[in-house]
Amino acid sequence: MRAMKTSLRLLPLLLVLTACGLAHAQSFSSLQERMSAADFQKAGLDKLTPEQLHFLNAWLRTHAGGAGNGGAGTAPVVVGPANRFGYRAPADQSRGTVASTLVGNFSGWDSHTRLPLANGQIWQVSESSSWSCQSLKDPKVTIKPMLLGSWLAYIQGCSNSVRVERVR
């Protein structure tokens with residue numbers, strides 16, 4: 001009896017998730033809709049003939065992965081919205097923890113500090129705080145996903161954390 005009550009409570013949620021999945025599977029936006037005009041031109045897509053552009057959009061529609069798109073399980077090519085630094089994360093990028101080291105000397109941050117990582121990523125402080133710590137050479141850094149899409153950086157040897165956004 002208890003299991004049935006729990007199932008009935010979860011039914012509306014299941015229906016909403018199913019409807020969202022069906023809507024996503026049936027939707028497709030062309031490259032012109034996905035990209036800004038400047039990005040479209042920068043990528044050279046404005047030089048394609050209408051037939052070439054139609055072929056490319058048709059290929060993306062059938063190869064973007066996922067059920068309902070006719071894809072063969074390949075990764076989608078869509079990207080997420082740009083953050084305030086212009087970085088667009090791939091839509092399929094997991095929000096897992098980033099572990100690396102900061103490149104060079106580090107002694108704290110302010111609201112303009114960029115954090116270049118050994119893995120090639122660059123993150124920037126996204127809050128208006130500042131913090132000083134002892135001068136460190138190539139300290140380890142862990143960047144963890146937080147609620148509502150934010151990220152928190154923990155720098156080894158510094159006794160505070162800071163909200164960051166990915167720049168590259």
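Let's start at a strand pair. Strand 5 and strand 6 run antiparallel, and 3 bridges join them. One of the pairings to look at: Leu-115 has Trp-123 in strand 6 as its bridge partner. Keep in mind that this is a predicted model.

Now the connection. Strands 5 and 6 make a hairpin, with 5 residues between them. Look at Gly-120 in that turn. Its phi is positive, about 100°.

Next, the other neighbour of this hairpin. Strand 6 covers residues 122-125, and strand 10 covers residues 161-166. These two are also linked by 3 bridges, and they too run antiparallel. Here Val-125 is the one to find: its bridge partner in strand 10 is Val-164.

So which residues of strand 6 point which way? Ile-122 and Gln-124 point one way. Trp-123 and Val-125 point the other way. Are they buried or exposed? All four residues, Ile-122, Trp-123, Gln-124 and Val-125, are buried. Note that Gln-124 is in that buried set. And Trp-123 is the residue we just met as the bridge partner of Leu-115.

Step back to the sheet. It is open and has 6 strands. Reading across, the order is 3-8-9-10-6-5. The pairing is antiparallel. Where are the edges? Strand 3, residues 98-101, is one edge strand, and strand 5, residues 114-116, is the other. Each of them pairs on one side only. From one strand to the next, the twist averages 35°. As a reminder, strands of a sheet pair through backbone hydrogen bonds, either parallel or antiparallel.

Back to our hairpin, then. Strand 5 sits at an edge, while strand 6 stands between strand 10 and strand 5 in the order.

Now the whole chain. There are 4 helices and 10 strands. From the N terminus on, the run is α-α-α-α-β-β-β-β-β-β-β-β-β-β. In other words, the four helices come before the strands.

Some totals to finish. The protein chain has 168 residues, and 26% of them count as buried. The accessible surface comes to about 11300 Å². Carbon and sulfur atoms account for 59% of that surface. Last, contacts. Take those between residues at least 6 apart in sequence: 49% join residues at least 24 apart.

Notes: Residues are numbered from 1 along each chain as its sequence is written. This is a predicted model: local features need pLDDT of at least 70, side-chain atom pairs count only at pLDDT 80 or more; totals for chains, interfaces and linings use all residues. Side-chain values use heavy atoms; hydrogens and water are left out. Two strands pair if DSSP finds at least two bridges between them. Axes are lines fitted to C-alpha atoms, for helices over the stretch in contact, and angles run from 0 to 180 degrees between N-to-C directions. Buried means under 20% relative accessible area, exposed over 50%, partly exposed in between (1.4 Å probe, protein chains only). Contact means heavy atoms within 4.5 Å. Accessible areas come from the Shrake-Rupley method with a 1.4 Å probe; for residues, only the protein chains shown count as cover.
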